[in-house]
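Open the model in your viewer and keep the selection panel at hand. The tour below goes stop by stop.

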Amino acid sequence: MTEFENWDWETKEKLISEISEWRRKFPVIHEYVVSNDGEKISAPVKTQEDAFTVCVNGEIWENTFEKLWSLRFGPDDRLTCLCMNDDEWTVATDGETWEETFEYVWNIQFTPDGKIIAVNVKGKNGYRISLNGKTWENGYVEARDFALSPDGKNTAAGVQTKGLGEGDIFGFAEGVWTVAVNGVPWKRNFLNVWGIAISSDSSKIAAEVRVGEYEYTIAINGDIWNETFKCVWEPIFYPKGEDVLVPVQTDDGWTLAKNGQIIWERKFVQAWHQKFSPDGQRIAAIVAPKIGKWTIAVDGSTWNKTFGDAVLLPVFSPDSKKVAAVVKENNRWTVAVDGIPWAEDFDMIWDPVFSPDCNRVAAKAEKDGKYFIVVDGKVGKHGFEALWSPIFSPDGNKLLIKAVEDGKYYRRVIPVEKI
Amino acid sequence: MYEFVSGPLVWISFIVFIGGSIYRLVSMFKLADKEKVIFPYMSLKYSLRSLIHWIIPFASTNMRRRPFMTIITFAFHICLVLTPIFLLSHNLLWYQSWKISWWTMPERTADIMTIIVIFTAIFFLIRRLVLPEVRFVTFLSDYALLTVAVAPFITGFLAYHQWLPYKTMLILHIISGEIMLIAIPFTRLSHMLYFVFTRAYMGSEFGAVRNSKDW
Amino acid sequence: MTEPAAEAVVDPGIDEKIKKLTPERIESTINKVLTKGAAARLKVYLQTCVHCGLCADACHFYLSNDKDPKFSPVGKVKQTLWEIIRKKGKVDGGFIKDCSRIAHTECNVCRRCSMYCPFGIDIAYLLLLVRRMCALLGVVPQYLQDTVNSHAVTMNQMWVKQDEWIDSLQWQEEDAQDEVKNARIPLDKEGAEIMYSVIGPEPKFLAQLLGNIAMIMAVAGMDWTMPSFDGWDNSNMPMYSGDFETMARVERKHHEAALKLKVKRIVMGECGHAFRGAVYDGPKWLAWKEPPVPIIHAVQFYYELIKSGRIKIAKKFKEPVTVQEPCNIVRGRGLGDMLRYIMRATCEDFRDVYPRYEHNYCCGAGGGVINCGPQWKKSRVKGNRVKAEQLKATGAKFVVTPCHNCHSGIEDIVEHYNLGMHTKFFSEILIDVMEIPEDLKVE
Ligand code: HEM
Ligand code: HEM
Ligand code: SF4
Ligand code: SF4
């Protein structure tokens, strides 16, 4: 990530690009993306028949492609997309394409520093993963999704090791799926593998596995837990070390288990999306004590308030003390902080962000077709045509706002009180 | 014999009937709560909507499709439930032991209603024997239950008219009445207890959840 | 009395699997289903049913098999659950085989019978419990199980690989642009109004339907998207095999795709069982009382588009046409009136059916029955003669089937009973009759 402390936190307003101009230049413009620091706006554009390229701040890349999609800024604000010419797909970053081409590529992932870009690929040798154009040696009948370790050293994907004929339920029952790490499969196969996680030091890889049709457990580097469950969801690693935390379903309901042992006594009708606080000491998860009653549980005890429709991912404050989450009731969206929802509700709301001093919470929200910045439940004055999630300045007093107004894309830095 | 049958046994049967019914309903509620997916979907409005369409004759499609059966069913049940409650002889007994009484129907009416129960029960019996789709799902227990349901009416009728030895008939009658009461909570006769709730659930599911009709 | 039509069918998913069963496993598995999960409804239903047979006339299998009581709803419960309970789970593999045949292939869990039972007993639910028992024992018709396996692996019904999915969309987008200028299938567009989801067979066999929707969306000017990642498929066969864990996993993906894309609602293509899975059975298992992002069926969506004038009809469809009302959206959602509205708005000669609305007959394919595979086709088609008679009586040349199962099921019936009709999805009619605005016309 470009150090966000070093971003321009002074200039109050920059008109980055008049995107209404683009509309005059290009017959077709796809979805816009903006850089993390807000200095760039970009979109795939059509220049002529069967020729697409990328437009950044009004300038286009030199090369064109027959197809181009999945455009996005990486954590280092380089611009990456998937592109195709002559039925050959590859990855392009800032206008440079990989030398390697494939029958197909999809699912771009970045390491946190943005240096490594990895994708699923399909080629003559089957399904593989490619990192910056360097592709696994082993190909598989199929590989779906993958996980990328933070250091970029390991990639792991669920892979099918053996082809199956049509309707071959007996072959399937023997287990043809496993996890391949950097192309090398685990020794053991399973009915299914899903939800792969990699430990912070990159040494361990965990996945949900199905060992019997109705027996679920977790495998770590290919070895399974002794315990099996009625069902499990995605594992995550403890921030330090090799312990694994997983939502598991028992006869009495869902709860969390650490290395196979249940750690929350209370059982829920649902529990998922467990998350550690930044200090690694607390665990939050989305839970439903009853059908149609959703809330957040922190270390096993729930918020007092429940929400009828849904609760989304818990977000910890940097000091690990508070938890905020998007909540929905009666088809209206808002944010709740430590169980207390904002008074205002919205047609849609995006994940909340805490200020570095943990005192404020901001989010992008939509109402009546316009987008607003909301801070601690207070709705900003401006309704924008397009808006990206706000970012707090390092001192927490200002907000970086990336927004489109009157066909122009602005980067603004404004004091939090002045939204 | 008569004293025992008309004394303690009556007590016992009523206690079992009422206590048993409460027990069945309470355990149903408890189980339903544990099943988790029941109560969140219940709706009073749609429960009532469904019940109304199924306790009014011909208010549901299937009732209209089988008019004869519908008339028989309603006649059977109305007479079966109302006759014993508003019967003069029964009322006198209530008065004797509890000093309470309520409206009673003319004896002739009661007589006719009793006969209706008996004849509709015979219809049910024949239906069970004749219709393949009913016979296929008929067990001995179905005949037994029909007998349990109709026996108090036959015996009561015979006792009332004193065509057979009165005392014996009366004892038989009381015993058969008691058997029926005891049987209600513990056999399929408990459909009397559950009817409201199975309908309410289906009514809620069709109405509140699925936005359609269940009749 | 005729023998069950299915007697001779060989299905390795059942025949091979029952060989591996031990009496102990059968007994303990069955008893787990009967006691765990607090089966309140099961208990009450079994206590309440007075064996009156009034539900028989509801079932197309019963009516079509010359009123053979073995096919009546309560008859099917008798042959399965009642026996199981009477024997306290001490039944053998042969019996489980019969259970699977009856519950998986001779009942569409269409719930018509619960409108005929005076107590509102949910016989479909009881037979789903039987399916659950069979599934826990590993006994599921081969083709159905294969579909379930596909769901478990790919989160879609047809073993569609991730690249194949995206590729089909991109290819269909191009095709749509030949008809409607700049028609698009926007992938992963966060914050779009609508996420459109389909069932696995669309990219696999009926890709033109994806092109159709791209055109319809472009003409209506909708802000929509489709996920490029798993969760795009709204279908759900494990719901019908009895593998509820896989059902839930698939549904979770679908709903979380919508949550991730921040859409206001999901519009799903013309499929009935998918609607049931996504709106009722899936969310319920996952603890969402209602889908976290509201879901509407294509019929509702087209109703909105036509009624609001977002799509105008240039010339109506001329031939006589009737409709198959998918159980899961008509009995299951009350969309009968909207369906008629869009039919009349687009067709000159719409022939209604009888019985209709909630009381319409199931297509015979739903509830996973058609997915049990070709082995079971004969008994399925034979079990829906009433549907053939009903359609024939309309005199229509086309049957609109706003559901994939209905589509294939009705096609089989049309063929077997020589009805000389053709099935169409509603979108196929709409594409034919809608007005393409001047600025979207391709020169
Ligand atoms: C449980 C205790 C019961 C007692 C002590 C009891 C007692 C009696 C008595 C004393 C009579 C009058 C006979 C006469 O006129 O001399 C009678 C008649 C009758 N009882 Fe009961 N009864 C009982 C339960 C029931 C039940 C449960 C039913 C039906 C559901 C029932 C239905 C009738 C009928 C239909 C008649 C005769 C009506 C007629 O033809 O006029 N009884 N009962
Ligand atoms: C008061 C609430 C009750 C309701 C709503 C009710 C409802 C029904 C219904 C809907 C049926 C199926 C249709 C039919 O076969 O007639 C039925 C059948 C039957 N009911 Fe009831 N019932 C009630 C009380 C009773 C009582 C108190 C008895 C006897 C003790 C009884 C005895 C029977 C019998 C024997 C049948 C089966 C007839 C056959 O063999 O087909 N019911 N009931
Ligand atoms: S097919 Fe439909 S009507 Fe027949 S038993 Fe099954 S749910 Fe009932
Ligand atoms: S109609 Fe209802 S009570 Fe009668 S046999 Fe069928 S399920 Fe049982």
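**Stop 1: ligand 3.** Select ligand 3 and its surrounding shell. By class, that shell holds seven nonpolar, two polar and three charged residues. This is a predicted model, so treat every value here as computed from it. Now label the neighbours in chain C. Cys59(C), His60(C), Pro73(C) and Lys76(C) are among them. A run from Cys107(C) through Asn108(C), Val109(C), Cys110(C), Arg111(C) and Arg112(C) to Cys113(C) also belongs to the shell. Ala124(C) completes the list.

**Stop 2: the largest cavity.** Stay in chain C and turn on a cavity display. A general point helps here: rolling a probe the size of a water molecule over the atoms shows where empty space is left. How many cavities of 30 Å³ or more are there? The count is five. The largest cavity has a volume of about 130 Å³. It is lined by 16 residues, and the closest to its centre are Cys49(C), Val74(C), Cys117(C), Ile121(C) and Ile123(C). Select those five to centre the view.

Which helix gives the most to this lining? Colour H5(C): it supplies three residues. Helix H3 (40-48), helix H5 (73-86) and helix H7 (123-136) of chain C each provide at least two. Next, colour the lining by class. You should find 14 nonpolar residues, two polar ones and no charged ones.

**Stop 3: chain B overall.** Hide chain C and show chain B as a cartoon. Chain B has eleven helices and zero strands. Along the sequence, the pattern reads α-α-α-α-α-α-α-α-α-α-α. The C-alpha trace of chain B spans about 60 × 40 × 35 Å along its principal axes. Of the 215 residues of chain B, 47% count as buried.

**Stop 4: the iron of ligand 2.** Select the iron atom of ligand 2. Two histidines of chain B coordinate this iron, His77(B) and His191(B), each through NE2, at 1.9 to 2.0 Å. What is the arrangement of the six donor atoms around the iron? The arrangement is octahedral, because the donor angles run from 83 to 179°. Opposite donors must be over 155 degrees apart, and all other angles between 65 and 115, for that label.

Now trace the two histidines back to the cartoon. His77(B) sits in helix H5 (residues 67-86) of chain B and His191(B) in helix H11 (residues 191-209) of chain B, so the pair ties together parts 114 residues apart in sequence. Buried or exposed? His191(B) counts as buried, at 16% relative accessibility. His77(B) is partly exposed, with a relative accessible area of 32%.

**Stop 5: the iron of ligand 1.** Move to the iron atom of ligand 1. Its protein donors are His90(B) and His173(B), through NE2, lying 2.0 Å from the iron. Six donor atoms subtend angles of 83 to 179° here, which makes the arrangement octahedral. His90(B) belongs to helix H6 (residues 88-98) of chain B and His173(B) to helix H10 (residues 166-186) of chain B, so this pair ties together parts 83 residues apart in sequence. His173(B) is buried, with a relative accessible area of 15%. His90(B), at 21%, counts as partly exposed, because buried means under 20%.

**Stop 6: a loop in chain A.** Finally, show chain A and select Asp151(A). Asp151(A) lies in the loop between strand S15 (142-148) and strand S16 (155-160) of chain A. At 34% relative accessibility, Asp151(A) counts as partly exposed. Add Ile391(A) and draw a C-alpha to C-alpha distance. The two atoms are separated by 25 Å, and the residues are 240 apart along the chain.

Note on methods:
Residues numbered from 1 in each chain as written. Chains lettered and ligands numbered in written order. Predicted model: local features only at pLDDT ≥ 70, side-chain atom pairs only at ≥ 80, totals over all residues. Heavy atoms only, no water. 1 Å grid on protein atoms, 1.4 Å probe; cavity = no way out; pocket = protein on both sides within 12 Å on 5 of 7 lines; lining within 4 Å. Points joined across faces, edges and corners; volume = space filled by probe spheres on them. Helix = DSSP H or I, 4+ residues; strand = E, 2+ residues; numbered from the N terminus. Nonpolar A, V, L, I, M, F, W, Y, C, P; charged D, E, K, R; others polar. Near = heavy atom within 4 Å. Donors = N, O, S within 2.8 Å, 3.2 Å for Na, K, Ca; no water. Tetrahedral: all angles 85-135°; square planar, octahedral: opposite > 155°, others 65-115°. Buried < 20%, exposed > 50% of the residue type's maximum accessible area, 1.4 Å probe, protein only.
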